[in-house]
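Reader: Could you take me through the place where the two chains meet, slowly and in detail? I'd like to hear how that part is put together, and then what lies behind it.

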Amino acid sequence: MAPSSSSGLTFKLHPLVILNISDHFTRVKTQLNPPSSSCSTRNIPTSIHAASPQNVRVYGCVIGAQRGRTVEIFNSFELVFDPNTDSIDRSFLEKKQELYQKVFPGFYVLGWYSTGSDAVEYDMLIHKALMDINESPVYVLLNPAINHSQKDLPVTIYESEFHVIDGIPQPIFVNASYTIETVEAERISVDHVAHLKPSDGGSAATQLAAHLTGIHSAIKMLNSRIRVLFQYLVAMQKGDIPCDNSLMRQAASLLRSLPAAHSEKFNDNFLMEYNDKLLMSYLAMITNCTSNMNEVVDKFRTAYKKNSRTGPTGSRFPFI
Amino acid sequence: MSTLEAVITSIQRLSATSRDLSALHDVLKGANDSLRTNSDLQLTTLDQLDPSKHSLGYLYLLDVLSCGPVSDVVPLIARFINGCDAAQIRLASEKFVSICKRLKDKVLELRDPLRGVAPLLAAVRKVQVSNKRLTALHPDCLQLCLLAKCYKAGFSILSDDILEVDLPRDFYLYCYYGGMICIGLKRFQKALELLYNVVTAPMHVVNAIALEAYKKYILVTLIHSGQFSVSLPKCASTAAKSNFKTLCTTYVEVGNCYNNGMISELEAVVVANSSEFEKDKNLGLVKQAVSSLYKRNILRLTQKYLTLSLQDIANMVQLANAKEAEMHVLQMIQDGQIHALINQKDGMVRFLEDPEQYKTSEMIEIMDSVIQRTIGLSKNLIAMDESLSCDPLYLGKVGRERQRYDFGDDFDTVPQKFSM
């Protein structure tokens, strides 16, 4: 694990960057490893490092703005990587940089990104190569391995610092903490893109189901986090854990800010919506029951009807 | 003599585990006949056994004893029912049921049905294998509750949903008595459901229980919903449809008269046939139906008028004067059947809409309980569906239909008969 950064810079990462990186990686991986075996020709994209699809690495540049001690990473674009020389194609980078400068005049190249589980040796070479554009670039690393138990984002930001190792000052990567920052418009579009529905468009039912599943998992996560906090506070009260005053103050301020809305009209509206939802579930439940009943009656009739039936409607048959 | 003591010692020995119990059961079955003729068997021999631990043996001996002339059998059986162990009883449920029936007969003989209500309630719970099964004791218990007029006790049995029935006769009696108990408690909705079950139950020939139930069913429909239709519901059996109407003509007449809405005619019909109603013991119900006609007419007025004076109401509904009209309207507002405002100064009544907005927290609780009930019902239906899918009759019929879509050798023919 790289040690923590001591540069004092605050990093803010926009979700667009994360989406771009993951999209780049997925595209390249799918092109290299097409899902159907009917594809005869393969397009070998230019920024692959290793041949096997598991170790595909993609490279690109991150751009943004630095104001004072705050570094805000807004956007990113892809770069061409030459596997023979293990270096980035400079002319391509400069061309792209010019183009982006025209569209976003305030943004500069802040660093570069790649995918993988941890930083490797030749990353430092690329890092040094970028140092002539930006004297202290950042390295954003995305871990594409899907780990369901991991709760945080698999994105790490590294800075380079000169540390003395074996008597020689060498640059090494150090971990920097970051926060996610977003604007409302960006949040809506990222949300929309991130929750892509199945390709056949999906009926209203599947969309509703997907939406409700999303809400359900969000509430579950909230519930589990509150439970962790609660158990922590209970343990502190019992004396198992030494009291941490700053944490308790944070928890108290959080609790005092709830409930967020507390007026008569709010309660009214809230109860009305709650009752509406309950009525809808009741209706759905009744429909479900009716369809079950229909199945039972159909089966019963098939099983017990005699071949000749008198009367307009089938009469019920006695118990044996 | 020795057999009796042998039986008692084996009871005392073998009442612990389930394997022993089945062995004991066989022993008792074998010794049953000899016990009947054994003159040594007295009440005192029962003292050697403990009802809660040796329930099975106690049951057999008690059965033999109560057949013969024994005094004071009622508290004996009652104590046994309260103390016995449910698991052991279920092994010999017919004997238990016959003992309880004997208790009921004795209690009726003594003209004190109240004494039998509590033991029979406990007995029903003990002999029931699951909450959804109807036993032979249900109708007896309900009958005692009816005779003792303790309707609330009977109602507690009625709140279970019944899914499995052993004998149809039990079911008819259960629904009929249950309907009468609900009428006594003035819960006409539930009474209607129960009586509807009897009227539409499958039957080949007309059933006396169903006939009586049909008469009450007509009257309760009049009281509860104010409508009467001559035709039975579609799912009633053909026997019922063809015969009921001819056998209860006076009730059908009452129903038709009610539909016309004229109080005086209805009262005339009632008076004319009062002896028949008296015979069926339905006179009280008929009187309730007559008084409900006023309510129905007033209800109809709410759909036509927004405001009405009390005198007009009295005229339209054929009541004597405005005071009576006011009393009726007040009663209906209290029962929640209509929503209205009475202005006493000028005697005007203003009819309002239902003020329920469905947005209170009490509504949430009601909805929640209703949804839970529906979920439970859905689970029951799914279980029924599954058990039907495994029924060999059903599979045989479905298999026969499948053959029509046979494409050569693609599908195997479904076997016609399954040998288990």
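Author: Here's a walk through the interface first, followed by the salt bridges and the packing behind it. Keep in mind that this is a predicted model.

Let's start with the head count. On the chain B side, 33 residues are in contact with 29 residues of chain A. Together the two chains bury about 2,900 Å², and carbon and sulfur atoms give 71% of that. Three residues stand out on the chain B side: B:Pro202, B:Lys359 and B:Leu381 supply 20% of the area that chain B buries against chain A, more than any other three residues.

Now for the polar side of things. The rule finds five residue pairs in polar contact across the interface of chain B and chain A. As for which elements do the touching, helix H14 (238–247), helix H21 (361–389) and helix H22 (392–402) of chain B each bring at least two residues to the side that touches chain A. H21(B) gives the most, with 16 residues. Sort the residues on that side of chain B by type and you get 18 nonpolar, eight polar and seven charged.

There's one salt bridge across the interface of chain B and chain A. It pairs the side chains of A:Lys299 and B:Asp385, at 2.8 Å from N to O. Both A:Lys299 and B:Asp385 are buried. Over all chains, the count of salt bridges comes to 14. A:Lys299 sits in helix H7 (residues 264–304) of chain A and B:Asp385 in helix H21 of chain B, so this pair joins two chains.

Other salt bridges make a nice contrast. The side chains of B:Arg133 and B:Glu164 also meet at 2.8 Å, N to O. That pair links distant parts of the chain, with B:Arg133 in strand S1 (residues 133–134) of chain B and B:Glu164 in strand S2 (residues 164–165) of chain B, 31 residues apart. B:Arg133 is partly exposed at 27% relative accessible area, and B:Glu164 is partly exposed too, at 37%.

B:Lys215 and B:Glu212 form a more local pair: both lie in helix H13 of chain B, three residues apart, about one turn of the helix. Their closest N and O atoms are 3.4 Å apart. Here B:Lys215 is buried, with a relative accessible area of 8%, while B:Glu212 is partly exposed at 24%. Over in chain A, A:Asp23, A:Arg27 and A:Glu78 are linked in a network of salt bridges.

What about the packing behind all this? The largest nonpolar core has 119 residues, and B:Phe96, B:Leu137, B:Phe244 and B:Ile313 touch the most other members. Helix H13 (residues 208–225) of chain B gives the most to this core, with 11 residues. Beyond its neighbours within four places in sequence, B:Leu137 is in contact with a set of residues including B:Phe96, B:Cys100, B:Leu120 and B:Val127. A second, separate core of 21 residues includes A:Ile18, A:Ile21, A:Val138 and A:Leu142.

B:Ile89 is worth a look as well. This residue is found in helix H6 (residues 86–91) of chain B, and at 0% relative accessibility B:Ile89 counts as buried. Setting aside neighbours within four places in sequence, the contacts of B:Ile89 include B:Ser55, B:Leu59, B:Phe80 and B:Phe96. B:Ile89 and B:Gly57 are 32 residues apart in sequence and 9.7 Å apart in space, C-alpha to C-alpha.

Note on methods. Residues numbered from 1 in each chain as written. Chains lettered and ligands numbered in written order. Predicted model: local features only at pLDDT ≥ 70, side-chain atom pairs only at ≥ 80, totals over all residues. Heavy atoms only, no water. Contact = heavy atoms within 4.5 Å. Buried area = accessible area lost by both parts, 1.4 Å probe. Salt bridge = Lys/Arg side-chain N within 4 Å of Asp/Glu carboxyl O. Polar contact = N/O pair within 3.5 Å; in protein donor to acceptor, adjacent residues only side chain to side chain. Helix = DSSP H or I, 4+ residues; strand = E, 2+ residues; numbered from the N terminus. Nonpolar A, V, L, I, M, F, W, Y, C, P; charged D, E, K, R; others polar. Core = buried A, V, L, I, M, F, W, Y, C linked by side-chain atoms within 4.5 Å. Buried < 20%, exposed > 50% of the residue type's maximum accessible area, 1.4 Å probe, protein only.
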